[in-house]
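Me: I'd like a close look at a single part of this model, with whatever else in the structure hooks up to it. Keep it informal, but be specific.

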Amino acid sequence: MNEQDSVADPYAALRHRDFRWFLGASMIATISGELQAVAVGWELYDRTGSALDLGLVGLAQVLPVLVLALPAGQVSDRYPRKHVFMMTLLAQVVASLGLAAVSAARGPVWLVYACLVLVGSATAFSLPARWAILPQLVPRADFANAVAWRSSGWQVAAVAGPALGGMALGAFGGAARVYLLDALGSLLAFGCVATVRGGTRAESTGPVTLDTLLAGVRFVRRTELILATITLDMFAVLLGGATALLPVFAKEILRVGPGGLGWLRAAPAIGAACMALTLAHRPPFRRAGRALVVAVIGFGLATIVFGLSRNVGLSFVMLFLTGALDNISVVVRSTLVQVLTPDAMRGRVSAVNSIFISMSNELGGFESGVAARFLGAVPAVVLGGVGTIVVVLAVVAIWPSVWRLGALAPPGTTPEHEAEPPLWAAPTRELEVEGRP
């Protein structure tokens with residue numbers, strides 16, 4: 001099979017044994033994490049009745065990422081990424097067993113947060129390793145296909161995880177056994193990664209210096225399109241995310257119980273999965289920048305409607321739309337980061353990207369909890385949606401190149417008669433990589 005045939009093959013990446021095991025491990029790990037998130041949110045709110053305590057869940061997990069992300073990126077470039085991923089899965093097992101013990105004994109709430117700090121520490125090292133390992137598992141010709149399958153696999157797992165978490169909570173009558181199920185899933189993912197033969201080489205062998213540690217930061221700062229798109233995604237989700245407050249809506253506003261909470265948490269992932277499937281069967285965006293801006297504005301509007309809704313069907317649809325529209329942002333950002341980053345720096349650049357993502361998700365959960373504590377859950381979500389729209393307008397004003405971003409297609413694949421220039425022709429700063437080994 002020549003390179004052209006491989007690229008045209010929609011199952012090219014799945015024909016590689018290592019990638020299949022890695023994809024399975026990633027999906028199982030994601031499902032396990034979602035089980036844990038559903039159980040933690042429901043149990044904490046059931047025990048404390050405090051929206052602020054739900055916000056602290058995000059803070060406990062994001063602080064380790066902010067502190068450890070840059071060293072973790074260096075580790076992923078200097079040591080076998082497979083081994084780094086495996087060690088983080090073992091840390092997840094320990095954290096899940098700790099949560100199970102605290103839940104069964106009705107231990108102090110601060111011990112729950114201590115376990116979540118361990119989860120956040122594992123995540124800090126896991127994300128760069130998982131994102132950067134792909135070039136070592138598939139040929140270069142199949143790399144784009146592998147990214148697409150990894151994204152689709154994550155979406156499927158993110159749909160299944162919350163739904164399974166809600167059903168498990170209802171079936172087990174408490175969170176302790178859900179945490180044990182989460183630990184079992186992490187162990188299973190560990191076994192899948194252990195069978196992978198690739199991902200055992202180090203990309204960077206130069207000396208460890210402050211210069212190399214910060215190389216990923218400088219690369220992102222000097223690559224305007226990456227900086228602008230990840231900044232837009234971070235602030236939009238940070239302000240507009242309603243996930244952390246879903247236990248409040250499920251229990252007090254929509255009154256749907258733990259099973260309903262699982263489906264509400266799954267709704268954004270279902271929307272994202274449907275959008276990913278739609279985009280996979282359509283040509284690349286010809287005007288990616290405009291699609292991105294419109295999608296994030298739509299994300300903010302859907303968040304506002306969700307906050308005001310008292311109908312569970314409408315609430316589900318709005319959460320579905322937030323996931324579908326957010327997936328457009330994910331596609332644009334992931335394409336830029338994966339293609340514009342040199343292999344030897346993928347760990348460090350992925351670490352910077354993980355900081356932005358964690359700040360948008362976990363820190364966004366903390367922001368939502370604090371806002372709900374002082375304003376109430378509904379005003380917090382509605383004002384967050386308004387803030388998302390304001391952020392979009394600000395980003396476009398600061399980086400006009402985002403709006404002018406053209407086709408998401410590699411060099412040479414965009415017809416000369418296209419009305420918009422390809423993505424690669426959009427204005428950027430010099431792609432100089434300081435500190436690259």
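Which residues line the second largest pocket?

Reply: Sure, and keep in mind throughout that this is a predicted model. The lining of the second largest pocket is made up of Trp42, Glu43, Asp46, Arg47, Ser103, Arg106, Leu169, Gly173, Gly174, Ala175, Ala176 and Pro258. The space inside comes to about 160 Å³. By residue type, the lining splits into 5 nonpolar, 3 polar and 4 charged. Helix H2, which covers residues 17-48, supplies the largest share of that lining, with 4 residues.

Asp46 is a good one to follow outwards, since this lining residue also takes part in a salt bridge with Lys251, where the closest N and O atoms sit 3.2 Å apart. Lys251 belongs to helix H11 (residues 246-253) and Asp46 to helix H2, so the pair ties together parts that lie 205 residues apart in sequence. How open are the two partners? Asp46 has 45% relative accessibility, so it counts as partly exposed. Lys251 gets the partly exposed label too, because its relative accessibility is 32%. As for the general idea, side chains of opposite charge can pair when their charged atoms come close.

The structure holds 2 salt bridges, so let's take in the other pair as well. Here Arg17 and Asp18 meet through their side chains, at 3.1 Å from N to O. Asp18 counts as buried because its relative accessibility is 12%, and the cut-off for buried is under 20%. Arg17, at 28%, counts as partly exposed.

Away from the pocket and the salt bridges, two more spots are worth a click. One is a nonpolar patch on the surface, formed by Leu63, Leu66 and Val67, whose accessible area together is about 260 Å². Val67 sits in helix H3 (residues 51-78), and with 62% relative accessibility it counts as exposed. The other spot is Val392, in helix H16 (residues 377-398). Val392 has 1% relative accessibility, so it counts as buried. Its C-alpha atom is 8.8 Å from that of Phe235, although the two residues are 157 apart along the chain.

Back to where you started: if you keep one thing on screen, make it Asp46, which lines the second largest pocket and pairs with Lys251 in a salt bridge.

Conventions:
Residues numbered from 1 in each chain as written. Predicted model: local features only at pLDDT ≥ 70, side-chain atom pairs only at ≥ 80, totals over all residues. Heavy atoms only, no water. 1 Å grid on protein atoms, 1.4 Å probe; cavity = no way out; pocket = protein on both sides within 12 Å on 5 of 7 lines; lining within 4 Å. Points joined across faces, edges and corners; volume = space filled by probe spheres on them. Helix = DSSP H or I, 4+ residues; strand = E, 2+ residues; numbered from the N terminus. Nonpolar A, V, L, I, M, F, W, Y, C, P; charged D, E, K, R; others polar. Patch = residues over 30% accessible without salt bridge, like charges linked within 9 Å, V, L, I, M, F, W, Y side chains within 5 Å. Areas by Shrake-Rupley, 256 points an atom, 1.4 Å probe, with all protein chains shown as cover. Salt bridge = Lys/Arg side-chain N within 4 Å of Asp/Glu carboxyl O. Buried < 20%, exposed > 50% of the residue type's maximum accessible area, 1.4 Å probe, protein only.
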